[in-house]
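The following paragraphs lead the reader through one structure, from its sheet to its cores and to a few chosen residues. Please keep the sequence and the model in view while reading.

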Amino acid sequence: MKLDVTVYSSINCGYCVLMKNFLNEQNILYKEVNIQEKPEIVQELMAATGRLGVPQTNINSNWVLGYDPISAMKIIQQLTTTNRNGELQ
């Protein structure tokens with residue numbers, strides 16, 4: 001399964017940098033959306049997660065709130081694990 005990862009961030013956000021660095025270290029491609037450059041996204045984030053803070057990371061419609069590499073890896077592993085028939089789950 002192809003991963004579709006988007007990191008919602010803001011300028012001068014240390015935790016955003018940590019999340020992006022983590023994804024880079026795992027060789028996971030991601031898109032970045034800076035909510036300060038695209039303020040209309042804030043309402044979408046609030047509707048989806050109920051939170052305004054960043055980073056918020058969407059991995060194939062699964063949300064990771066804040067800098068949480070453990071949760072991110074659990075989601076990534078679940079999405080990329082193969083079943084006994086060799087099919088991606």
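Does Tyr8 count as buried or exposed? The structure is a predicted model, and in this model Tyr8 has a relative accessibility of 14%. Tyr8 therefore counts as buried, since the term applies under 20%. This residue will return below, once the sheet has been described.

The sheet is open and is formed by 4 strands in the order β2-β1-β3-β4, with mixed pairing. Its edge strands are β2, residues 31–34, and β4, each of which pairs on one side only. From one strand to the next, the twist averages 20°. Strands of a sheet pair through backbone hydrogen bonds, in either a parallel or an antiparallel manner. For β1 and β3 the sense is antiparallel, and their pairing extends over 4 bridges. Within this arrangement, Thr6 stands opposite Asn58 in β3.

Two helices are to be considered next to the sheet. Helix α1 packs on the sheet and touches β1, β2, β3 and β4; the direction of α1 makes about 160° with that of β1. Helix α3 also packs on the sheet, where it touches β3 and β4. The direction of α3 makes about 160° with that of β4.

Which elements give two or more residues to the largest nonpolar core? This core has 12 residues in all, including Val5, Val7, Met19, Phe22, Ile59, Val64 and Ile75. The elements in question are β1 (5–9), α1 (14–25) and α3 (69–80). Of these, α3 provides the largest share, 4 residues. Val64 illustrates how a member of the core is surrounded: beyond its neighbours within four places in sequence, Val64 is in contact with Met19, Pro55, Gln56, Thr57, Ile59, Ser71, Ala72 and Ile75. Apart from the largest core lies another, of 5 residues, among them Tyr8, Val33, Ile35 and Leu45.

Tyr8 thus leads from the cores to the aromatic residues. The structure holds 1 aromatic pair. A pair of aromatic rings is described by the distance of the centres and the angle of the planes. Here the partners are Tyr8 and Trp63, with 5.8 Å from centre to centre and 35° between the planes, and the pair is tilted. Because Tyr8 lies in strand β1 and Trp63 in strand β4 (residues 62–65), the pair ties together parts that are 55 residues apart in sequence. Whereas Tyr8 is buried, Trp63 counts as partly exposed, at 29% relative accessibility.

Both partners of this pair are also in contact with Asn58. Asn58 is found in strand β3, which covers residues 56–59, and is buried, with a relative accessible area of 15%. Its side chain reaches the backbone nitrogen of Ser61 at 2.9 Å. When its neighbours within four places in sequence are left aside, the contacts of Asn58 are Asp4, Val5, Thr6, Tyr8 and Trp63.

Where is Tyr30 placed? Tyr30 lies in the loop between α1 and β2. With a relative accessibility of 24%, Tyr30 counts as partly exposed. Not counting residues up to four places away in sequence, Tyr30 touches Val5, Val7, Lys20, Leu23 and Asn24. Among these residues, Val5, Val7 and Leu23 belong to the largest nonpolar core. Between Tyr30 and Ser9 there is a separation of 21 residues in sequence and of 12 Å in space, C-alpha to C-alpha.

How values were computed:
Residues numbered from 1 in each chain as written. Predicted model: local features only at pLDDT ≥ 70, side-chain atom pairs only at ≥ 80, totals over all residues. Heavy atoms only, no water. Buried < 20%, exposed > 50% of the residue type's maximum accessible area, 1.4 Å probe, protein only. Polar contact = N/O pair within 3.5 Å; in protein donor to acceptor, adjacent residues only side chain to side chain. Contact = heavy atoms within 4.5 Å. Core = buried A, V, L, I, M, F, W, Y, C linked by side-chain atoms within 4.5 Å. Phe/Tyr/Trp six-rings, centres within 6.5 Å; stacked < 30°, edge-to-face > 60°. Pairing = 2+ DSSP bridges. Axes fitted to C-alpha atoms, helices over the stretch in contact; angles between N-to-C directions.
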